Amino acid sequence: MELWDLTVHELSRLLATGEVSAVEVTQAALERAQQVEPAVRAFVTSTADQAVVEANTVDAARARGEQVGPLAGIPMALKDNICTRGVRTTCCSRLLEKFAPSYDATVVRRLQEAGAILMGKTNMDEFAMGSSTENSAFFPTHNPWDLERVPGGSSGGSAAAVAAGEAVFSLGSDTGGSIRQPAAFCSVVGLKPSYGRVSRFGVTAFASSLDQVGPFTKDVTDCALVLNAIAGKDELDPTSVVDTPPDYRQFLGKDIKGLRIGLPREYFAEGIDDEVKEVIMKAVGVLEGLGAVVEETSLPHTEYAPSVYYILAPAEASSNMGRLDGVRYGRRVEAPDVDTLYNRTRSQGFGAEVRRRLMIGTYALSAGNYEVFYQKAQQVRTLIVRDFEQAFTQYDVLLTPTSPTTPFKIGEKIDDPLQMYLSDICTIPVNLAGIPGLSLPCGFSQGLPVGMQLLAKPFAESTLLQVAYAFEQNTDYHKQRPQVTVGGESNA
Amino acid sequence: MVKITDVEVEKIARLSQLELTSEEKRMFTQQLSDILTFAQHLAQVNTDGVPPTISVLDLVNVWRDDEVKEWLSREEALAEAAVVEDGCFKVPRIMDEE
Amino acid sequence: MRKEDLETVIGLEVHVELSTESKAFCRCSTAFGAEPNTQVCPVCLGLPGALPVLNKRVLEYAIKTGLALNCSIASQSKFDRKNYFYPDLPKAYQISQFDQPIAYDGYVDITVDGQARRIGVKRVHMEEDAGKLIHTGDDIATATSSLVDLNRAGVPLIEIVTEPDIRSPEEARLYLTKLKTIIQYLGVSDCKMEEGSLRCDANLSVRPRGSSKLGTKSEIKNMNSFRAVFRGLSFEEERQKEAFLAGEEIVQETRHWDESRGITVGMRSKEEAQDYRYFPDPDLPPLAIDPTWVEDIRADLPELPDVRVARFIKEYGLPDYDAEVLTTSQRVADFYDDCVRLHADPKAVSNWIMSEVLRLLNAEGKELEETPLTPEHVTKVLKLMDEGVISGRIAKDVFEETFHTGRDPEEIVKERGLVQISDEDELGRIVAEVLEANPNVVEDYRNGKDKALGYLIGQVMKATRGKANPQMVNRLFKEKL
């Protein structure tokens, strides 16, 4: 097996025993990226030079016998809306094309303290608005499993980078499914932590009450390791919660016998691809075989979640993104007066999807519409939260498909925003409720990955990891790797 | 059906500080109408007496002590600005008072 | 209908910068006068991904102010975003409070022509200040560009909004004076209007006396001193009354006070009213105010001006006027209290402070704390006078020197030989000399010109360089004449 193909925990063992060096691991990932990147296009910025320097530092520290962090020498990639000091952070927008922040996001600081090595910044839908990474201002990313298809979005680059072996793990952000849906599309593990579990400081805000940062990994163990590194209270984020997170590794390998799993029927209804359903039900069978008790249940307000989401998220975004005005940073289009400067900077700086959502959000908050749209949506949000609260009195975990379909073709949905929005129906309610959601590879349909989504009550990431690990130990979907074809040649 | 008018689209664009071409205006008028019509089915939901969810957290009173801490130098603060003069961000003529 | 039949209705919105060390939502310094953009960070610059964290002292000061203004303190409160684009507003929204202000339903009592008037305080809310714009031309209208300094962006403010209870520009001035006094007593702001730490906007309308319906109001901005508030409102009151009587329509608009021209000017109104799209700030968890904390803050409130006035009247037997004047500044009132503790004649102390101390402060444009003056200085001077060691005139001279140098009055008197001459023989001799030298004046006096005596006493004072005991001189003349 190639070094770039290994997991965090496998590499950590090799690094700890000195069988490989951080530089070797980094070089392996860089070479792999060089090979597949022309086809996948997961990265918008490479930090290769810096990565080698950092890897050397890790090796030197280890050689001196110093204590190194739990992720020391592990190559990682970061979604390009996560601020990195001195490394451009574009949000894949023309407006921030050259923006180099003067500060690190808290998650970046924590990962650096853990010793992880930044390989680069990954492609995404502009300002995280999209489900396919086609809304990147730069280029689309291709799904390593089928280069004609999208990797999902908005964190498509982060998912594809891990799936293709260009990084051992990566971070994405998830406002309505932007970690879980690409994880499913690329057959990797993706976790959206509970709202408040991971600091949002330094992560460009899309919808402040929904955004969370989380990992993409090759397996569940790695997911626990990365979550360990990034979770916990941050003084710079008043919405991060105080209680100390546990060591998530301790839940791996725990028996799931007697654990109650609910299948909300609304997530298996019309609009969900039959073959996807089939794969999911087979996976459910595996869990039943491990002693889990599976029952059908209901989350009655599910059908309203997309409407609630497509009011609240743009409303918050319309306010969050006002700061992008070309005055203090970002690309500015000059004009004789400041209003025209704002107009031109923003109109030329933002792509169509961003402008569309800013317009929706502004509309929903403006006089006369606030009560009808924004406030109403917040009330229905409460009902969605209550649905989940109710369900979790009976079940430890809810299980659903992550996405109603397998990866669609590049260009297939780009002209129909409403259809694109509906590809998030399984993931959106989870952000509205603030609960943790994990997408796990659970099979294939016509050669394309299918992910299952596991949900638990707030701050019960431990339960998700426990169930996901049990499934993973009894299947081998997580071990399957895409054959990336470059220039007609396949690179496995 | 929510029917967004041209006038409304212009007003929203102005509030959003976006400049739309007539083609975009036509497109947005249609798409906004579609999306908002879709969203309008929320009206069917009975929310009498249901409080809004502003945040899912039950956190209250998150604050810090009144202590000064320096962070950025002026050079860092101004480094990303397109136009700087006399240690300030420079903007062209301001048309009217807020 | 005549002007006298019209009533003016004014409501004031006062912004007060709180004197915290750090900004409201980040740890940057709030110090005034630093080089542009040296007190900024990702949060107050509105950089991507930056998040606000509330400074607890902002909340404490807001509650303190609310209590001092007799408000109810909200048990539940939150922050909202007020969205608009302007170059001094980095995030394109201001963190403010919309429908759950921290304090509400209070009042401030003022005295107008000897009558007590109660001005309702509708609400007190917290918000953040904007940055500062430096226009390259003379003003915003002619400037071709502006420079943005964000040192002030994020400095905490409270906005205090009155009910439309104010009936004249004079009442507005009195309300502001009182408000400033209260806030200075609390120590939550230095209230320096010239540094912008106290700013006042006003809403003004007119209506026929007796009507309960509010007229169409205009909002007056840019009044940068108490005098400007008085003048601006006086102008606007007249303008609206004349328009009303002429049957002209009064439009709802924002008007700018032009200090140099002494007029208010209507601002070019936008096509539609501003739509601020307020909504709860999802970055800032709500506030659940602990009532015991509120009671602790209440218990810690200083003695406020109204209470102090009442105490000065009751405890020291001061006239209302003296009590009002002495309590306008907390430092002066404290100073007075200290003096009375050392010198048991409250009225004499009051007279001295009002006539001498306040006069000198006024002339120098200084605050009490900026002088070396101590209560002992005042009481020593009073004692020297009481004991007849120096005359009142000498006392003023001595005190003025103490005021400037901080030197002990007794020492000054000793050193400069200013001890009053109360030797009857010596004074008798001088009196005799003066009488002899001024026969015409003596004649005048005898013919009933009382003023002549003053001249003669003046001559004695001249001869003794002011040191003669005036009472004794007076008596000696009367005896001899």
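How many residues of chain A are in contact with chain B, and how many of chain B with chain A? The views below, all taken from a predicted model, start with that contact and then move on to chain C.

**View 1. Where chain A meets chain B.** Here 70 residues of chain A touch 54 residues of chain B. Put the two chains together and about 5400 Å² gets buried between them, with 66% of that area on carbon and sulfur atoms. As for charged pairs, the count between chain A and chain B comes to 2 salt bridges. One of them joins A:Arg355 to B:Glu24, and the closest N and O atoms of this pair sit 2.3 Å apart.

**View 2. Where chain A meets chain C.** Now swap chain B for chain C as the partner. Chain A brings 36 residues to this contact, and chain C brings 28 residues. The two chains bury about 2600 Å² between them, and 61% of it falls on carbon and sulfur atoms. There is 1 salt bridge across this interface: A:Arg200 pairs with C:Asp283, with 3.0 Å between the closest N and O atoms.

**View 3. The domains of chain C.** Chain C splits into domain 1 (3-296), domain 2 (303-416) and domain 3 (424-480). How far apart are the centres of domain 1 and domain 3 of chain C? Taken over C-alpha atoms, they are 63 Å apart.

**View 4. The second largest pocket, between two domains of chain C.** This pocket holds about 1700 Å³ of space. Of its 45 lining residues, C:Thr177, C:Thr181, C:Gln184, C:Thr328 and C:Ser329 come closest to the centre. Why does the pocket lie between domain 1 and domain 2 of chain C? Both domains give residues to its lining, so the pocket ends up between them.

**View 5. What the lining of that pocket is made of.** Several elements of chain C each supply at least two lining residues, among them strand E7 (103-112), helix H2 (169-186) and helix H5 (305-316). Helix H6 (320-327), helix H7 (330-342) and helix H8 (346-364) of chain C also do so. Which element gives the largest share of the lining? That is H2 of chain C, with 8 residues. By residue class, the lining of the second largest pocket divides into 17 nonpolar, 12 polar and 16 charged.

**View 6. Positive phi in two strands of chain C.** C:Asp105 belongs to strand E7, which is also one of the elements that supply the pocket lining. Phi of C:Asp105 is near 55 degrees, a positive value in a residue that isn't glycine. Over in strand E13 (residues 218-223) of chain C is C:Asn222. Phi of C:Asn222 is near 70 degrees, again positive in a residue other than glycine.

**View 7. A cis peptide bond in a loop of chain A.** Back in chain A, look at the link from A:Gly153 to A:Ser154: this peptide bond is cis, with omega near 10 degrees. A:Ser154 sits in the loop between strand E3 (117-122) and helix H5 (156-163) of chain A.

Technical notes:
Residues numbered from 1 in each chain as written. Chains lettered and ligands numbered in written order. Predicted model: local features only at pLDDT ≥ 70, side-chain atom pairs only at ≥ 80, totals over all residues. Heavy atoms only, no water. 1 Å grid on protein atoms, 1.4 Å probe; cavity = no way out; pocket = protein on both sides within 12 Å on 5 of 7 lines; lining within 4 Å. Points joined across faces, edges and corners; volume = space filled by probe spheres on them. Helix = DSSP H or I, 4+ residues; strand = E, 2+ residues; numbered from the N terminus. Nonpolar A, V, L, I, M, F, W, Y, C, P; charged D, E, K, R; others polar. Domains from an automatic or database assignment. Contact = heavy atoms within 4.5 Å. Buried area = accessible area lost by both parts, 1.4 Å probe. Salt bridge = Lys/Arg side-chain N within 4 Å of Asp/Glu carboxyl O.
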